2 protein chains.
Amino acid sequence: MRIEIICTGDEVLTGKIVNTNFSYMSQKLEDVGLSVYWGTTVGDDREALLQAFKLAAGRADAVVVNGGLGPTVDDLSQEIAAQAAGVELVLNEEWLVKMEDFFTKRSRIMPPNTRKQAMLPSTAEMIDNPIGTACGFALDIGKARFFFTPGVPRELRRMLEQQVIPRLLARSGSPATIHLKRFHSYGLGESHVDSLLAGVEELVPDGSVKLGFRAHYPQLETKLTVRGSDMDDVQRKLAPVQEEVRKRLGNFILAEDDQTLEGVVLAELTKCQGSLALVETFTSGQIAARFGHLPGAEHVFRCGTVVRDPIELHTALGIERLSLTELNQDVVEAVANAARIRARTTHALAVLIDLDEGADRIDLGGTIWLAIATEGEVEFRRSRILGGREWVRLGAVEMGLDCLRRYLQGLPVVERIDFEKT
Amino acid sequence: MRIEIICTGDEVLTGKIVNTNFSYMSQKLEDVGLSVYWGTTVGDDREALLQAFKLAAGRADAVVVNGGLGPTVDDLSQEIAAQAAGVELVLNEEWLVKMEDFFTKRSRIMPPNTRKQAMLPSTAEMIDNPIGTACGFALDIGKARFFFTPGVPRELRRMLEQQVIPRLLARSGSPATIHLKRFHSYGLGESHVDSLLAGVEELVPDGSVKLGFRAHYPQLETKLTVRGSDMDDVQRKLAPVQEEVRKRLGNFILAEDDQTLEGVVLAELTKCQGSLALVETFTSGQIAARFGHLPGAEHVFRCGTVVRDPIELHTALGIERLSLTELNQDVVEAVANAARIRARTTHALAVLIDLDEGADRIDLGGTIWLAIATEGEVEFRRSRILGGREWVRLGAVEMGLDCLRRYLQGLPVVERIDFEKT
């Protein structure tokens, strides 16, 4: 099935906003085994919209249109859809009632221009939007089925997942059930993981498991898209493959599906009724910022100390001044211990960075001194990352959180990663 | 002049990466007074590329193509450009020599497949890429001039600004010089600023100054695009308008052009040989993370204390435990003072947040208690922001940094903003 996406709106066309809706939609469709063949972006312009709809109608089987469903005069999707399909706009009573309800519930008067949002092409199938006043709709233009969706990201997401994708799958004749399994890892590059996982798809010989990746440094997402006749069939096919992925990537898998690294760390600490103190230097609060604001972190995260010069840890944590002039294993272990004792926590993580001197450049590096302290023991890791200030900073944040995750899960804290140079 | 953008590549089409190149290009063209009329996204697919080039050639005056200039087999831009233009690919000796040079300078052997990057359509004008192995090129297809640019963002940026935009401006017959002036503000919404600035464009009656906005919460960027015969002419036209913008937005302008809020704060503190201590609660290190890693911050930023429960400030800063159980002006002022004294800094900023109870929701709010302490005085600000956990957190980070900026610049720290509810 040939699918196109048309994104509309001056804000997107002029680059005022980055078009994350496009990548979101395309990714979601890929995840269920549907491929987008063509993407078009046009502004709030009658001529361009009409041309875009006609071109897509002539070459695609299905088209997802995003945006232009609002109440203002520059929201033109319904009008141009009707024109392209050669039909009239008619009032959709069902949606009008829903909108009036929407405003009544919020003790507001429905603005008159909102009525426009209930005017749909006469041949359209209305698509519900439970969280907004812009309903979606589907209709045929030429040989293609068009699906119109709202531009507000959270409204789009809900409508795409709950309403549009099932309709697209039904049209594509794909098996009823498609499931996406995701593994998040840190420390192995995409090509390395690709080679580690060579052949896992063939564990299910009928080709119904597809392997893919999405790299966003410092993490990598490994994806398995599984097709089956129903969820039981999907789970049966997925089981041996996910087992094999877990075995091959081992300790590097830090989370699965909707879990996050910081969420896993929080869950592990919560489980053991632990509490956490942090010490950071050049990461400058970014480790705390990943963790400290999470719901539930108020019971676990106790205190973070952020300095640029380790010498300040003399005042902040009472470490002997002289020992802070040059970082080494003893110093960073003492820092983690002192942070733990001062904040009366079960765990403390210290990530101290010796950044190379000089202006930022692609081969500027940093040495990361990392220690995790508990009452009984201290774990230590030293690493060197190259790639410029920002790269070092991002890498150190991830390494700090991931080492803590490994420690809490009883895995080795020190295991060589692809991004380090030592 | 009708301009189109064509983005190529499977990674962009499938949503594996968000297409920031499109918004970047579109924005840059807008900034010099050129408008993009149509955007197309296609994958690394011969048929789709050829169709996209032909469609654009039939309706546009100029087309910027991004991506597909690499050395691998799925980089097809040169090949399909030649096909669409009906010409042969020929070796560009000049670029081949440059590439060999590129590798020699880096003590590397040029991989054989790289040679492909010097094969250009015979009628193409080569466009230099001083920082990569993918040269750009321009050629006519149909009635349109096509400009081919590399997908690597930093290579694209340099080529677009230095090579493509001047050529587009020359073709469009626009005045030789176009200049973009930018003002960054925090606290006023886009429509508010729009109404405050009503009529400023008319201070230059010939229409050569254009006002625009780019909102990225919590900041707003106000843009003046000025056209002139040369830079003197531009400056002459800009002078009265920028004076008026500065007057009307007043204390809300936190930075101009490439400056950032955190950069301005750092510059002010550096100028007065100041030093900074920070205390944060629910922002969880995000204020420190905006500031502490900047080049030069090592001389200014001394210590940040991050807690979730203010009670922890008893241990961390020696504040009386009982006083921390309920936030008020006295407490937050005492916290800022204690942080300043403990870290021996000239300035301290404390941002403590009382977050509403319960699950995240659109009307969940937070009360922000903010104090700035110096040796001689303490400034205080209290504010309430609604909009969910993330909105409160982002708003509090910005408010903290902006109040510090105001204090350092001798402006009132307390001035009502559009985003607060008190």
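## Starting at B:Lys16

Let's begin with one residue: B:Lys16 touches A:Gln27, A:Glu190, A:Phe213, A:Arg214 and B:Glu11, leaving aside residues up to four places away in sequence. Keep in mind that this is a predicted model. You'll find B:Lys16 in the loop between helix 1 (10-13) and helix 2 (20-31) of chain B. For a sense of scale, its C-alpha atom is separated by 29 Å from that of B:Ala60, which sits 44 residues away along the chain.

## How the two chains match

Next, how do the two copies relate? A turn of 180 degrees and a shift of 0.2 Å along the axis lay chain B on chain A with an RMSD of 0.2 Å. The two copies are thus related as by a two-fold rotation axis.

What about the surface through which the copies meet? Of the interface residues of chain B, 100% are also interface residues in chain A, so the copies meet through the same surface.

## A sheet that runs through both chains

Twelve strands make up an open sheet with mixed pairing. Reading across, the order is 6(A)-7(A)-8(A)-3(A)-1(A)-2(A)-2(B)-1(B)-3(B)-8(B)-7(B)-6(B). At the edges stand strand 6 (125-127) of chain A and strand 6 (125-127) of chain B; each has a single partner strand, so one side of each is left without a neighbour in the sheet. On average, neighbouring strands here are turned by 20 degrees against each other, direction ignored.

Now zoom in on one pair. Strand 1 (residues 3-8) and strand 3 (residues 62-66) of chain A pair in the parallel sense, over five bridges. Within that pair, A:Ile3 stands opposite A:Ala62 of strand 3. Helix 4 (residues 77-85) of chain A lies across strand 1, strand 3, strand 7 (136-141) and strand 8 (144-149) of chain A, and runs at about 20 degrees to strand 7. Over in chain B, helix 4 (residues 77-85) packs on the sheet and touches strand 1 (3-8), strand 3 (62-66), strand 7 (136-141) and strand 8 (144-149) of chain B, with its direction at about 20 degrees to that of strand 7 of chain B.

## A four-strand sheet in chain B

Chain B also has an open sheet of four strands, in the order 10-11-9-12, with antiparallel pairing. Which strands stand at its edges? Strand 10 and strand 12 (253-256) of chain B do, each with a single partner strand, so one side of each is left without a neighbour in the sheet. From one strand to the next, the twist averages 25 degrees.

Strand 10 and strand 11 of chain B pair in the antiparallel sense over eight bridges. B:Arg214 stands opposite B:Glu221, a residue of strand 11. In the loop between these two strands is B:Pro218, and a cis peptide bond joins B:Tyr217 to B:Pro218, with omega about 5 degrees.

Chain A has a cis bond to look at as well: the peptide bond from A:Tyr217 to A:Pro218 is cis, with omega near 5 degrees. A:Pro218 is in the loop between strand 10 (209-216) and strand 11 (219-228) of chain A.

## The largest pocket

How much space is in the largest pocket? Its volume is about 1000 Å³. The lining has 42 residues, and those nearest the centre are A:Glu11, A:Ile17, A:Gly151, A:Val152 and A:Pro153. Both chains help out: strand 1, helix 1 (10-13), helix 2 (20-31) and helix 6 (153-172) of chain A, plus strand 10 (209-216) and strand 11 (219-228) of chain B, each give two or more residues to the lining. By class, the lining has 17 nonpolar, 17 polar and eight charged residues.

## Enclosed spaces

There are four cavities of 30 Å³ or more. The largest cavity has a volume of about 240 Å³. It is lined by 22 residues, with A:Cys303, A:Thr305, A:Ala316, B:Thr305 and B:Ala316 closest to its centre. Its lining splits into 14 nonpolar, four polar and four charged residues.

The second largest cavity holds about 80 Å³ of space. Residues from both chains line it, including A:Val12, A:Phe22, B:Asn19 and B:Thr41. Strand 2 (residues 36-42) of chain A gives the largest share of that lining, three residues. Here the classes come to three nonpolar, six polar and no charged residues.

Technical notes. Residues are numbered from 1 along each chain as its sequence is written. Chains are lettered from A and ligands numbered from 1 in the order in which they are written. This is a predicted model: local features need pLDDT of at least 70, side-chain atom pairs count only at pLDDT 80 or more; totals for chains, interfaces and linings use all residues. Side-chain values use heavy atoms; hydrogens and water are left out. Two strands pair if DSSP finds at least two bridges between them. Axes are lines fitted to C-alpha atoms, for helices over the stretch in contact, and angles run from 0 to 180 degrees between N-to-C directions. Contact means heavy atoms within 4.5 Å. On a 1 Å grid over the protein atoms alone, a cavity is a set of points where a 1.4 Å probe fits but cannot get out, and a pocket is an open set with protein on both sides within 12 Å along at least five of seven lines; lining residues have an atom within 4 Å of a point. Grid points are joined across faces, edges and corners, and a volume is the space filled by probe spheres set on the points. Ala, Val, Leu, Ile, Met, Phe, Trp, Tyr, Cys and Pro count as nonpolar, Asp, Glu, Lys and Arg as charged, and the others, Gly among them, as polar. Copies are superposed by least squares on the C-alpha atoms of residues with pLDDT of at least 70 in both.
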